[in-house]
Amino acid sequence: MARGQGTNQELSDVLNELWKLDVNRMKPGKDYKINLQGKAGFVSEGSNNARDSSRAPLFSYVNENKLKSIATYAYFINLLDNYEMSTGVAEQVTKEEFQENNLFLDAILMTEVMKCAHRYLVRKGRAQSDPAQFKRQIYDIWFKLYRRDKSGGEDSCGFEHVFVGETKQGKEIMGLHNWIQFYHQEKNNHVDYKGYKARNNKDTPDEDDHVLNLQFSWNGLVKPVGSCFIGISPEFEVALFTIIFLLSDECVTKVKVKVDEYLLEIVVYRFGKSIGTSYPKMISSNNRGV
């Protein structure tokens with residue numbers, strides 16, 4: 001995969017096709033509302049002291065009934081409570097959880113977004129055309145357990161890290177790059193939004209943006225800089241990160257893409273044949289200039 005400063009045009013084209021197919025994307029201001037408030041300050045790695053530049057939550061409204069009425073969101077939400085927060089604590093996948101994982105995969109694989117991603121990966125020689133084999137491949141990338149903490153058993157998987165979040169020895173937040181989990185944790189007073197992150201005043205995000213760099217604390221631990229898509233469907237995120245993961249054999253892949261109005265850097269870390277972490281970083285948006 002091309003790595004370097006330029007935008008990857010082929011990948012941008014594919015991702016824009018997925019973007020157009022993402023009928024389950026939520027509409028800002030209608031299906032949900034965010035309240036960006038203040039710009040977050042600098043917090044050094046390992047410090048859990050952050051000035052709160054935002055008194056109110058990030059999400060002022062989410063249409064939960066709409067989320068629960070769409071299969072991919074409903075099955076996604078069911079998965080969020082299936083994991084131990086701390087690395088070093090072995091995960092136990094119950095029969096019920098295994099079934100929930102499969103229901104989620106079945107639901108997203110029926111969407112046009114995932115069908116398009118599958119066709120592209122087959123064309124690139126990175127996936128088999130048989131849907132059952134593709135599903136097994138996706139399962140291993142996202143749900144296969146591995147050992148992140150050397151001291152314990154199999155304590156993590158791609159899905160847990162990226163979409164749910166976990167902590168390292170109770171001192172550091174890892175992952176948690178998903179807006180639905182962020183909203184759920186915020187609603188339950190576990191997450192405290194501290195403010196948005198921006199490089200300069202021209203870079204100030206707006207409330208219609210579907211990508212956000214932000215700072216927050218989770219159960220008292222601060223994430224100095226986090227990032228996530230906002231309002232995007234689970235199938236779009238799985239498709240995007242899976243494509244970038246499968247196109248590269250590198251341990252760390254960073255690729256620049258232009259999706260809709262957003263210039264993004266997508267970062268994917270590999271953990272064997274599974275995703276270690278993956279997230280978007282907003283570089284700029286059309287409506288603001290660079």
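Colleague: Which residue is the bridge partner of Asp-192 in β6?
Modeller: In this predicted model, Asp-192 falls within β5, a strand that covers 191-196. Five bridges join β5 to β6, which comprises residues 211-218, and the two strands run antiparallel. Within β6, the bridge partner of Asp-192 is Ser-217.

Colleague: In what order do the three strands of the open sheet that contains β5 lie?
Modeller: The edge positions are taken by β5 and by β7 (221-229), each of which pairs on one side only. The pairing throughout this open sheet is antiparallel, and the order of the strands is β5-β6-β7.

Colleague: By how much are neighbouring strands of this sheet, which has the order β5-β6-β7, turned against each other on average?
Modeller: The sheet is an open one of three strands with antiparallel pairing. Direction being ignored, the average turn between neighbouring strands is 35°.

Colleague: Which helix lies across β5, β6 and β7?
Modeller: The helix in question is formed by residues 179-187, and its direction makes about 120° with that of β5. The loop that holds Asn-189 lies between this helix and β5. The helix that lies across the three strands is α8.

Colleague: Is Lys-194 buried or exposed?
Modeller: Lys-194 is found in strand β5, and beyond its neighbours within four places in sequence it is in contact with residues including Ala-40, Arg-51, Asp-52, Gln-215 and Phe-216. Its relative accessible area is 9%. Because a residue counts as buried when this value is under 20%, Lys-194 is classed as buried.

Colleague: With which side chain does that of Lys-194 make a polar contact of 3.0 Å?
Modeller: Lys-194 belongs to β5, the strand that spans 191-196. The contact of 3.0 Å joins the side chain of Lys-194 to that of Asp-192.

Colleague: What distance separates the C-alpha atoms of Lys-194 and Val-222?
Modeller: Lys-194 is in β5, whereas β7 is the strand that runs over 221-229 and so includes Val-222. The two residues are 28 residues apart along the chain, and their C-alpha atoms are separated by 9.2 Å.

Colleague: Which strand gives the most to the lining of the largest pocket?
Modeller: This pocket holds about 620 Å³ of space and is lined by 26 residues, with Glu-172, Ile-173, Lys-223, Val-225 and Tyr-279 nearest its centre. At least two residues of the lining come from each of β4 (172-174), β7, β9 (262-271) and β10 (274-285). With six residues, the strand that gives the most is β7.

Colleague: Which strands stand at the edges of the open sheet formed by β8, β9 and β10?
Modeller: The order of this sheet is β8-β9-β10, with antiparallel pairing. Two of the strands have a single partner each, so one side of each is left without a neighbour in the sheet; these edge strands are β8 (252-259) and β10.

Colleague: How many bridges join β9 to β10?
Modeller: Among the facing residues, Arg-270 stands opposite Ile-275, and Tyr-269 stands opposite Thr-277. The hairpin of these strands has two residues between them, and there Gly-272 takes a positive phi near 65°. The two strands run antiparallel, and the number of bridges that join them is 10.

Colleague: How many of the 12 residues of β10 are buried?
Modeller: Helix α9, made of residues 234-247, packs on the sheet and touches β10 as well as β8 and β9. The strand β10 is largely enclosed by the rest of the structure, because its count of buried residues is 11.

Colleague: Which helix lies across β8 and β9 at about 60° to β8?
Modeller: These two strands are part of the open antiparallel sheet β8-β9-β10. The helix that lies across them is formed by residues 9-21, and it is α1.

Colleague: Is Asn-189 buried or exposed?
Modeller: Asn-189 lies in the loop between α8 and β5, and it has a positive phi of about 60° although it is not a glycine. Most residues other than glycine have a negative phi. Since its relative accessibility is 69%, and the class begins over 50%, Asn-189 counts as exposed.

Colleague: What is the relative accessible area of Asp-260?
Modeller: Asp-260 is placed in the loop between β8 and β9, and although it is not a glycine it has a positive phi of about 55°. Asp-260 is partly exposed, and its relative accessible area is 38%.

Terms used: Residues are numbered from 1 along each chain as its sequence is written. This is a predicted model: local features need pLDDT of at least 70, side-chain atom pairs count only at pLDDT 80 or more; totals for chains, interfaces and linings use all residues. Side-chain values use heavy atoms; hydrogens and water are left out. Two strands pair if DSSP finds at least two bridges between them. Helices (H or I, at least four residues) and strands (E, at least two) are DSSP runs, numbered from the N terminus. Axes are lines fitted to C-alpha atoms, for helices over the stretch in contact, and angles run from 0 to 180 degrees between N-to-C directions. Contact means heavy atoms within 4.5 Å. Buried means under 20% relative accessible area, exposed over 50%, partly exposed in between (1.4 Å probe, protein chains only). A polar contact is a pair of N or O atoms within 3.5 Å; within protein, one must be able to donate a hydrogen and the other to accept it, and residues adjacent in sequence count only if both atoms are side-chain atoms. On a 1 Å grid over the protein atoms alone, a cavity is a set of points where a 1.4 Å probe fits but cannot get out, and a pocket is an open set with protein on both sides within 12 Å along at least five of seven lines; lining residues have an atom within 4 Å of a point. Grid points are joined across faces, edges and corners, and a volume is the space filled by probe spheres set on the points.
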